[in-house]
Amino acid sequence: MNETNKPVHGMWTSRWVFILAATGSAVGLGNIWRFPYITGEYGGGAFVLLYLACIALIGVPIMIAEVTLGRRGGLSPIHSMGRLAEQSKVSRRWKGIGYLGALSGFLILSFYSVVASWALIYVWEAVRGLFQGMTALQSQANFEAMQANPWLMLGSHSLFMVLTMGVVALGVKRGLERAVEVLMPLLFVLLVVLIGYAATTPGFAEGVGFLFAFDFSKLSGEAVVIALGQAFFTLSLGMGAIMAYGAYMPREIKDKKTGRTRPVSIGSSVVIIAALDTLVALGAGLAMFPLLFTGNLEPAQGPGMMFVTLPLAFGQMPGGVLFGSLFFVLVVCAAWTSSISLGEPMVAWLVERGRGRGAAALLVGGAAWVLGIGSVLSFNLWKDHTFLMGTFFENIEFLSTSILLPLGGLLIALFAGWVMKETQARKELAMKSFALYMAWRALVRIFSPLAMIAVIAYAIWSAAHG
Ligand code: TRP
């Protein structure tokens with residue numbers, strides 16, 4: 001049965017481990033940091049609805065495509081794509097999808113570690129009660145003081161990178177699987193506790209209203225592209241993270257009770273992952289907006305919402321030290337399981353080329369750490385060195401998330417929809433419903449590529465018009 005899968009790296013123990021790992025990749029800073037503030041900026045409920053549509057119509061089909069390519073290929077994205085191109089008798093250049101993904105993963109890892117490490121610093125500050133009784137100006141100054149301190153950020157960036165690559169070095173079973181089995185349940189418990197806490201505050205009703213009241217007058221063409229880009233980023237698509245995780249997904253699994261083997265379905269797993277990811281994003285909004293409204297603070301604060309406005313809110317509320325600390329622990333857990341998935345594809349590739357896992361993780365982590373120093377310095381010493389999109393950090397971020405990821409998504413959709421032999425895709429997916437299969441095929445062939453082109457075009461257009 002395993003004609004293509006040679007488990008070089010090991011396989012997930014069960015379907016649920018795959019779902020947890022992919023959800024761990026998906027749930028990250030995108031959900032807890034970015035989703036609430038762009039929802040704030042684009043006016044709340046109507047934007048949420050738009051985002052949900054993008055998840056269902058673009059995110060889910062492309063994720064299905066990525067998992068399918070991964071499981072069919074059975075290797076790291078680069079080697080999987082090489083293998084699939086061979087099987088489909090097309091140019092080996094399609095392997096470029098793998099290289100492109102490795103490059104974007106590497107770039108994202110470098111700055112993701114820096115931003116995630118702010119949350120690490122904030123755990124420490126929250127525990128010490130630093131936010132208690134802070135004024136708005138003090139909170140802003142506290143955030144700026146952290147960013148102005150390159151040594152502090154270098155230290156926390158280094159620690160976060162060690163945490164990330166340490167798990168990757170331990171391998172699929174002993175590293176990734178164990179990490180997500182501990183961190184994901186912890187994350188869900190923390191989120192429920194924090195929502196419970198938010199529900200006790202006077203601003204809860206207003207917070208809920210803000211998230212779910214549909215004011216369509218606020219929607220614009222721009223909101224559509226932003227929602228699209230967010231749906232795409234939050235599901236970790238376009239760089240091979242999900243493809244790599246798909247390669248470790250078994251085709252069938254033995255039922256412990258009956259002893260019979262059952263096929264492991266891609267479609268339903270992906271729907272569960274997308275639903276969990278969406279629940280966490282909405283949950284993060286539910287945990288945060290009520291606190292802002294309770295403290296008479298603005299939800300449309302931009303990127304500073306989590307690091308400036310929220311600490312302010314925690315500093316004013318009873319139990320703020322405890323719940324503020326828990327909140328930033330939650331952010332660290334979420335970012336950790338995401339950054340692992342950014343490093344895994346490149347490390348798996350190096351392992352397939354004969355390196356030891358430890359050495360490969362050291363190499364990738366070391367290189368991303370060095371590049372990350374550029375992002376650390378973008379907030380202080382290099383702050384005024386701007387070119388193209390702004391600072392070094394802003395350039396790396398723009399190039400990877402606004403250009404390379406949607407480009408990767410476009411190529412993945414084209415490959416799965418047009419290039420790969422239909423019989424192969426159909427066999428790998430093994431969908432029970434033919435109608436659903438046809439819907440997926442139409443979305444991935446036409447709709448997803450057009451959406452990706454729109455995202456890239458908008459990014460370039462907005463870059464050119466400042
Ligand atoms: N999805 C993660 C988040 O929302 C970020 C992330 C991890 C990612 N791996 C990725 C994004 C791969 C794109 C591609 O924070």
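**Exercise 1. Decide whether leucine 388 is buried or exposed in this predicted model, and describe its setting and backbone.**

Step 1. Leucine 388 has a relative accessibility of 81%, and because exposed means over 50%, leucine 388 counts as exposed.

Step 2. Along the chain, leucine 388 belongs to the loop between α14 (357–377) and α15.

Step 3. Leucine 388 is not a glycine, and yet its phi is positive, at about 45 degrees.

**Exercise 2. Find where asparagine 296 lies and give the sign of its phi.**

Step 1. The loop that joins α11 (266–294) and α12 (309–316) holds asparagine 296.

Step 2. Although asparagine 296 is not a glycine, its phi is positive, about 55 degrees.

Step 3. With a relative accessibility of 74%, asparagine 296 counts as exposed.

**Exercise 3. Work out which residues of helix α4 are buried and what covers them.**

Step 1. Helix α4 runs over residues 77–87, and its buried residues are Pro77, Ile78, Ser80, Met81, Gly82, Leu84 and Ala85.

Step 2. The cover over these buried residues includes α3 (45–73), α5 (96–127), α10 (241–247), α13 (320–352), α15 (392–419) and α16 (422–429).

Step 3. Just after α4, lysine 89 takes a positive phi of about 55 degrees.

**Exercise 4. Characterise serine 76 and lysine 95, which are found in the loops between α3 and α4 and between α4 and α5, respectively.**

Step 1. Serine 76 has a relative accessible area of 0%, and because buried means under 20%, serine 76 is buried.

Step 2. When neighbours within four places in sequence are left aside, serine 76 is in contact with Pro345, Ala348, Trp349 and Glu352.

Step 3. Lysine 95 is also buried, with a relative accessible area of 17%.

Step 4. With neighbours within four places in sequence again left aside, the contacts of lysine 95 are Ile78, His79, Met81 and Gly82; of these residues, Ile78, Met81 and Gly82 are among the buried residues of α4.

Step 5. Lysine 95 and arginine 83 are 12 residues apart in sequence, while their C-alpha atoms are 8.4 Å apart in space.

**Exercise 5. Identify the residues with the most contacts inside the largest nonpolar core, and follow the contacts of phenylalanine 328.**

Step 1. In soluble globular proteins, nonpolar side chains tend to be buried together.

Step 2. The largest nonpolar core here has 161 residues, and those with the most contacts inside it are Trp12, Phe18, Leu69, Trp118, Met306, Phe327 and Phe328.

Step 3. Leaving aside neighbours within four places in sequence, phenylalanine 328 is in contact with Ala119, Tyr122, Val123, Phe131, Met306, Phe307 and Pro311.

**Exercise 6. Describe the surroundings of the ligand.**

Step 1. There are 16 residues around the ligand, and those that come nearest are Ala26, Leu29, Gly30, Tyr112 and Ser236.

Step 2. A polar backbone atom of alanine 26 is 3.0 Å from a nitrogen atom of the ligand, and an oxygen atom of the ligand lies 3.0 Å from a backbone N or O atom of leucine 29.

Step 3. In the side chain of serine 341, an N or O atom is 3.3 Å from a nitrogen atom of the ligand.

Step 4. On its own the ligand has 360 Å² of accessible area, and the protein covers 100% of this area.

**Exercise 7. How many disulfides does a search of the whole structure find, and are cysteine 54 and cysteine 333 buried or exposed?**

Step 1. The search finds zero disulfides.

Step 2. Cysteine 54 is buried at a relative accessible area of 8%, and cysteine 333, at 4% relative accessibility, counts as buried.

Key
Residues are numbered from 1 along each chain as its sequence is written. This is a predicted model: local features need pLDDT of at least 70, side-chain atom pairs count only at pLDDT 80 or more; totals for chains, interfaces and linings use all residues. Side-chain values use heavy atoms; hydrogens and water are left out. Buried means under 20% relative accessible area, exposed over 50%, partly exposed in between (1.4 Å probe, protein chains only). Helices (H or I, at least four residues) and strands (E, at least two) are DSSP runs, numbered from the N terminus. Contact means heavy atoms within 4.5 Å. A nonpolar core is a set of buried Ala, Val, Leu, Ile, Met, Phe, Trp, Tyr and Cys residues joined through side-chain atoms within 4.5 Å. A residue is near a molecule or strand if one of its heavy atoms lies within 4 Å of it. A polar contact is a pair of N or O atoms within 3.5 Å; within protein, one must be able to donate a hydrogen and the other to accept it, and residues adjacent in sequence count only if both atoms are side-chain atoms. Accessible areas come from the Shrake-Rupley method with a 1.4 Å probe; for residues, only the protein chains shown count as cover. A disulfide is a pair of cysteine sulfur atoms within 2.5 Å.
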